[in-house]
Amino acid sequence: MSDQATPSKNGFFLKADRITKVYSDGTVALKEASLEIRPHEIVGLLGENGAGKTTLTKILSGLLPPTRGRVVSPKGVVRFVSPREALDFGIGMVHQHFALVGTFTAAENVALSHDRPFTGIRIAETRQDLNALMEESGLHVPLDVPVEKLAVGEQQRVEILKVLSRDVDLLILDEPTSVLTPLEVDELFTLLRRLKDEGKSIILITHKLKEVGSITDRVVVLRQGEMVGDVKTAEASTEQLARLMVGQALEDEADAVELSTEEIPHARTQSDVDRTGEGILHVENLIAKGNTGEIAVDGISFDVYGGEIFGVAGVEGNGQTELVESLTGLRVPVSGTATINGTNILGVDPRQIYRLGVAHIPEDRWELGLVLPFTLAENAILGVHRWEEFRGPLSFLRWGKITQHVRRLMDRFDIQATGPNAPAKSLSGGNQQKLIVGRELAKDPAIIVASQPTRGLDIGAAHYIRQTLLEMRDAGRAILLVSADLDEVLAHADRVGIMYEGKFMEVCSPEELDRERVGMLMGGATEARREAE
Amino acid sequence: MSGNESTLQSRLLRGAHRTLTGLHPALESLLAAVVGLLVGAILMYIYGFDPWRAYMGLVKGAFGGSYEISSSLSRATPLILTALTFSICLRSGMFNIGAEGQMYMGGIASVLVAYFVLPTGLHQIAGLLFAAFAGAVWGIVPALLKVTRGVSEVISTIMFNWIARWLALYLAIFVIVDPMRTEKTLSIPVSARFPVLVRGTDLSYAIFVSIAFALVIYFLLWHTAIGYEVRAAGLNPTAARYGGIRNKRTMFLSFILGGIAAGLAGATIVMGLPPTYAIYGGGGLPQLMNLGFDGMAVAMVGRNHPIGILVAALFFGGLNAGGRVMQFYGSNPVPLEMVRVVMGAIVLVMSIPELIRIFPMAKKRTEELIGSLRRLTRRSERRESA
């Protein structure tokens, strides 16, 4: 016990030793990431989407094998072939999307997770064990109600109970608070602290800085697969963490500034944007709800003028998605006004919005942007398939013209594919995105709404897409660029709005911001705002 | 020249690879048919029949001559349409199990032409319109329930099948009944019948209704913006919404088209199947029964593609027509039910998703083989160029 309380050099429970993960499509999700987990500790794993947090924890919990590197326990190297083996070893993971059978009760769900082939399911026994466990952990859920009838917070508790009932030593929680109400978050944190006192190790995946500060002992920051920070929470400031997360590691800040200054002069050549009156896109007091009914966009007003890029920066999940969806016809907002060249676009069908000259590069190219089993040609007319160019009399599609159009797109946007009839799912991520960008820009739009346009792309494709956006801006189009990549926004936007909890903390030119203040604003540090005022 | 050859070579290799690993849909259907027939053969063998002779009888009975081919085509006629019902809705992402009921309603509605007089041609069209309308109405109701109340279309269409069945039976026995011969409904007047296409057989011009409708659906789905929307909404509703497609509309459209197809299927039987040209109420609508469900099997084997359905319907029509012959085949009378066993086995095999995944080892092996072949060709090319 005593050596657990004061972990010695070897007092770790599990260690990730220089783990690299390359997915089969060539994406490098982790680069030489190392992480040591000790008992009596809550580690916050901080990073943007795609930073590699989930990949790292999946490797630790046996869901994925590492490409290189190893997982080490005090007894030697461990290799998990399945999550079950990891569970037997004492590692349990609670996923963001719960793995519960909705029509089963909590007891049945837990019993199911204990099930082995040919052993049968022992509900009564499980119930007894669960009652004892609930007493012990203070984690109470109704055992005999189908879990689909439980609140989300309760369902999560069932998941945690499921893992705890296997007597784990390391509990990994993937974004556990994203679905919880503030009260439920408090309850969860109380529980986590108690588990920590009992000697368990906990990894908390999150991108919310506030949570990290309030519960973790140590913070590990990942950025684009690389470990950029491993600090004691008490010694790190929120701004510092925000910088690590969205900016770059402190030590190579010099490099990064160089990189961005290299692009900045090229990016901003036009200063003669006329910003009088209403912009091409005019938004006033927009309020929209998120999927769970919470206010996600909280009274935002802004204008985007022709010939400028208006950037929206911020940690993801602060209302950016809902803002974009409201402006592109995919979400009906609660109130407010939004117009394009004076015509209302709120609650209007996407098809009519496109007619007004809106191009939408959606944040999720697989779910929203493409019909993956469709061919290139079929995808190239999604949203414009009713335009005269492609649709003849009797609603017949002009396949000849469509094929020509696709060939032009493939040429102009350098889309690598076997031909117009190749299925979109056979393309690489970069080429899929180029297809979407090409399709949208071919609409000859007045305004381009680009949401995370370069996420997950290799450097070449990302650069190409950014250049294309700059060209469109120089051609006098208005561009709304929403991105979680802070460098991208700062380097390309003419004006930036920094979003936090559904509001703009600040709208200004990127030159007026330094990295530190951006970090603070993104973390919701109101002092920064007050100082500025 | 050698460059061209190598691309041809690699293309062939890629083609072979795709065939072996992904299995071309048509091949998969063929494989399912073969496995189905094999299962039937094994069962026949177990029960002491001679499978070879039975299948010879089946093939002869199905395609042995112009009479046999006509019988097969005649049996394929309604199946093409009920298969289209299932496929159109599946393409829009819905499971429409209701072809059976919609077909009953169409059949009943087409009997109404017996109540008025029209010149030939118009009279047939009137009957088809009635049937199409009745089928469509029966299809819209589950779609409405789905949109307004969130009722699963699988459940509601199945329930509507039963409502339609009893309603049709009631109407056939008590309302549109032939007062002279109460076991059947009024007969379709001669001016509204589809004439027989091949003399002495029960193949009528009604088959052109089926083929034409299949072609219409093909052009609609693959060559019009409307069909494009239906397919997009079926494959990815979220992306469809992003593309300005109203998913509810595509869903309604698919149910209406499906209902029309099933309604017409009923009409092809009532107006186009000699010699009765009426619906027999006695015995529970024996002429119509199960055509809707068999259509689903045809749709699966036809890979939910109108052209594939035409081929698959001919195959199933052949099974039905040939099965009767198999039954009376000399010393080897295999019961007709065996044909249904074969059909069932085919459907089972078809429902195994991506058949080839049962043999992941085989897949891996072929991949390795093709990889090494490629390396070899590349090496020889290099040598040549050197």
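Analyst: Two residues are in contact if their C-beta atoms, placed from the backbone, lie within 7 Å. By that rule, and leaving aside neighbours within four places in sequence, Ala313(B) is in contact with Ala76(B), Leu79(B), Ile80(B), Ala83(B) and Val298(B). The model is predicted, so local features need pLDDT of at least 70 and side-chain atom pairs count only at pLDDT 80 or more, whereas totals for chains, interfaces and linings use all residues. Residues are numbered from 1 along each chain as its sequence is written, while chains are lettered from A and ligands numbered from 1 in the order in which they are written.

User: What makes the largest nonpolar core, and which residues have the most contacts inside it?

Analyst: The term covers buried Ala, Val, Leu, Ile, Met, Phe, Trp, Tyr and Cys residues joined through C-beta atoms within 7 Å. The largest such set here has 254 residues, and those with the most contacts inside it are Leu480(A) and Leu481(A) from one chain together with Leu264(B) and Ala313(B) from the other. Helix α11(B), residues 247-272, supplies the largest share of this core, 13 residues.

User: Why is strand β9(A) called largely enclosed?

Analyst: A residue is buried if 20 or more other C-beta atoms lie within 10 Å of its own, exposed if 12 or fewer, and partly exposed in between. Six of the six residues of β9(A), residues 218-223, are buried, so the strand is largely enclosed by the rest of the structure. Both faces take part, since Arg218(A), Val220(A) and Leu222(A) point one way and Val219(A), Val221(A) and Arg223(A) the other, and all are buried.

User: How do you know that β9(A) pairs with β3(A), and in which sense?

Analyst: Strands, like helices, are DSSP runs numbered from the N terminus (E and at least two residues for a strand, H or I and at least four for a helix), and two strands pair if DSSP finds at least two bridges between them. Strand β3(A), residues 41-46, and β9(A) have four bridges in the parallel sense, which meets the requirement of at least two. Among the partners, Gly44(A) is bridged to Val219(A) and Leu45(A) to Val220(A).

User: What makes β9(A) and β10(A) a hairpin?

Analyst: β9(A) is joined to β10(A), residues 226-232, by six bridges, and the two run antiparallel, with Leu222(A) standing opposite Met227(A). Two residues lie between the strands of this hairpin, and Gln224(A) in the turn has a positive phi of about 50°.

User: Why are β6(A) and β10(A) called edge strands?

Analyst: Both belong to an open sheet of six strands in chain A, ordered β6-β7-β8-β3-β9-β10, with mixed pairing. β6(A), residues 91-94, and β10(A) each pair on one side only and are its edge strands. Neighbouring strands of this sheet are turned by 15° against each other on average, direction ignored.

User: Which strands form the antiparallel open sheet of chain A, and in what order?

Analyst: Four strands form it, in the order β2-β1-β4-β5, and its edge strands are β2(A), residues 28-37, and β5(A), residues 76-78. Within it, β1(A), residues 14-22, pairs with β4(A), residues 68-73, over four antiparallel bridges, and Ala16(A) has Val71(A) as its bridge partner in β4(A). Helix α2(A), residues 53-60, lies across β1, β2 and β4 of chain A, running at about 120° to β1(A).

User: Why are α8(B) and α11(B) called roughly parallel or roughly antiparallel?

Analyst: Axes are lines fitted to C-alpha atoms, for helices over the stretch in contact, and angles run from 0 to 180 degrees between N-to-C directions. The axes of α8(B), residues 206-223, and α11(B) come within 9 Å and cross at roughly 165°. Angles under 35 degrees count as roughly parallel, over 145 as roughly antiparallel, 65 to 115 as roughly perpendicular and the rest as oblique, and these two helices are therefore roughly antiparallel to each other. Their contact includes Val209(B) and Phe213(B) of α8(B) and Leu264(B) and Met271(B) of α11(B).

User: What makes α12(B) mostly covered?

Analyst: In α12(B), residues 291-301, 10 of the 11 residues are buried, including Leu291(B), Asp294(B) and Val298(B). The elements covering them include α2, α4, α5, α11, α13 and α14 of chain B. Arg303(B), which follows the helix, has a positive phi near 55°.

User: How many residues of each chain are in contact across the interface?

Analyst: In chain B there are 14, in contact with 23 residues of chain A. The largest share of the chain B side, five residues, comes from α9(B).
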